[in-house]
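Dear colleague,

I am passing on a structure for you to look through, with some notes on what turned up in it. Please keep the model open beside this message as you read.

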Amino acid sequence: MVGIKIVEVKLHRIEVPLKNPFSTHLQTVEKRESILVEMISSDGEVGLGECVAFSTPWYTEETVQTCWDALVNWLIPLVMNEQFQHPAELTSLFVSIKGNKMAKSSLDLAAWDLYAKHCEKPLWQLINGVNPRVDAGVVLTGLIDDKMIKAVDEARKTGYKRVKLKIDKQMRPSDLKQLTATFKDILFFADANGLFTELGMDALKAFDYAGLALIEQPFGEDDWKLHSEATKSMATPIALDESIRSVHDVKRMIEMKAGSIIVLKPGRVGGMTASLKVIQLAADNKIPVWIGGMIEFGISKAHNLALASLAQLSLPGDFSHSTHFWREEPVKPEVVITEGSIELTQSNGIGVQLNKAVLEKYRIGYYRATDSSI
Ligand code: OSB
Ligand code: MG
């Protein structure tokens, strides 16, 4: 194949209000700011990417602003006018830049979409995905009260087979146990986002009898020993989310037996190329992987769905419908759930396009680089 030459990159910074606040013990998110990337090749094809960093560094060190700066000052100049045969080549183009994985990921994702379009294949088929439908899973935040019971029931009626809750300081294991016993047909995940670093191992162990399919990230991202202790002493599987920032972290998790399941967030490891490596290493070691969400828009979701269609991915990820978090999606078509799953695209690439009207309504910043402007 003749190489794909990158001649233009556009960044659209958007901010969309959430329908309901997304609350964890770390932060309450009320608006989602993001950067959507258009990467244009010399033959006029467009690849789409999305940056999943948040407005402030409450979850990861990178933020929308640090990603914007990294993209404009360093990363876009490195790819501009470059020709690639395969999107994995972007990783080599970025070697001179440390970290900034979410910024790198947004370009890596766009390059994969562009590549799949050039190959005239849906991205999920190009990466050898096998499942044409991906199971949906929703995240519900808040205390376990009547409102939550109603929300779980609504989720069940929508067809979600998996519900993920956030563990809060006020959450009692007994309330959780009652909830999981009420909805026996639902698979319950509980995400601690590191809360037990503060509450301690005994407080975590009290959740071992709550009927959970897994507990996500009980301790801080560098608390490898504590995760190892929990993995060895608890019946409920421990899944690592924040701790998995690279293939090296997966190796460390395996060596230290610091968890038995991986929550893969493509943005955090640097994109599709790195995600495929994580999935391969996990499969070689028989470690289940599922794709974690970042309250993201339809571009990142589409890349995540492509990864979720791989045979190695068995557990349902954070895949809710497009209008779960906001009223309008800046891309079309929207993610829809029918009978608990999402049908993957038959179109080339990730199969979504920018919805210009919605994009313009929420756009708060714009940048365009062309071959002559760099
Ligand atoms: O820890 O999984 C997490 C959202 C923002 C930041 C961290 C996390 C989350 C989620 C996923 O729980 C929500 C989703 O996009 O469905
Ligand atoms: Mg998590």
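The model is a predicted one, and I begin with its magnesium ion (ligand 2), whose protein donors are D191 (OD), E216 (OE) and D241 (OD), lying 1.9 to 2.2 Å from the ion. If you follow these donor residues along the sequence, you will find them spaced as D-x24-E-x24-D. D191 belongs to strand β8 (residues 187-191), whereas D241 sits in the loop between β10 (238-240) and α10 (247-256), so the pair ties together parts of the chain that are 50 residues apart in sequence. As for their surroundings, D191 and D241 are both buried, which here stands for under 20% relative accessible area.

The other molecule to look at is ligand 1, which has 18 residues around it, and of these K166, D191, N193, K265 and I295 come nearest. D191 therefore deserves a second look, because this residue is a donor of the magnesium ion and also has a polar side-chain atom 2.9 Å from an oxygen atom of ligand 1. In the side chain of K166, an N or O atom is likewise 2.9 Å from an oxygen atom of ligand 1, and for Y59 the distance from a polar side-chain atom to an oxygen atom of this ligand is 3.2 Å. Taken alone, ligand 1 exposes 390 Å², and the protein buries 100% of that area. When you search the model for enclosed spaces, you will find that the largest cavity is the space taken by ligand 1.

With best wishes

Technical notes
Residues numbered from 1 in each chain as written. Chains lettered and ligands numbered in written order. Predicted model: local features only at pLDDT ≥ 70, side-chain atom pairs only at ≥ 80, totals over all residues. Heavy atoms only, no water. Donors = N, O, S within 2.8 Å, 3.2 Å for Na, K, Ca; no water. Helix = DSSP H or I, 4+ residues; strand = E, 2+ residues; numbered from the N terminus. Buried < 20%, exposed > 50% of the residue type's maximum accessible area, 1.4 Å probe, protein only. Near = heavy atom within 4 Å. Polar contact = N/O pair within 3.5 Å; in protein donor to acceptor, adjacent residues only side chain to side chain. Areas by Shrake-Rupley, 256 points an atom, 1.4 Å probe, with all protein chains shown as cover. 1 Å grid on protein atoms, 1.4 Å probe; cavity = no way out; pocket = protein on both sides within 12 Å on 5 of 7 lines; lining within 4 Å. Sits in = over half its atoms within 2 Å of the grid points.
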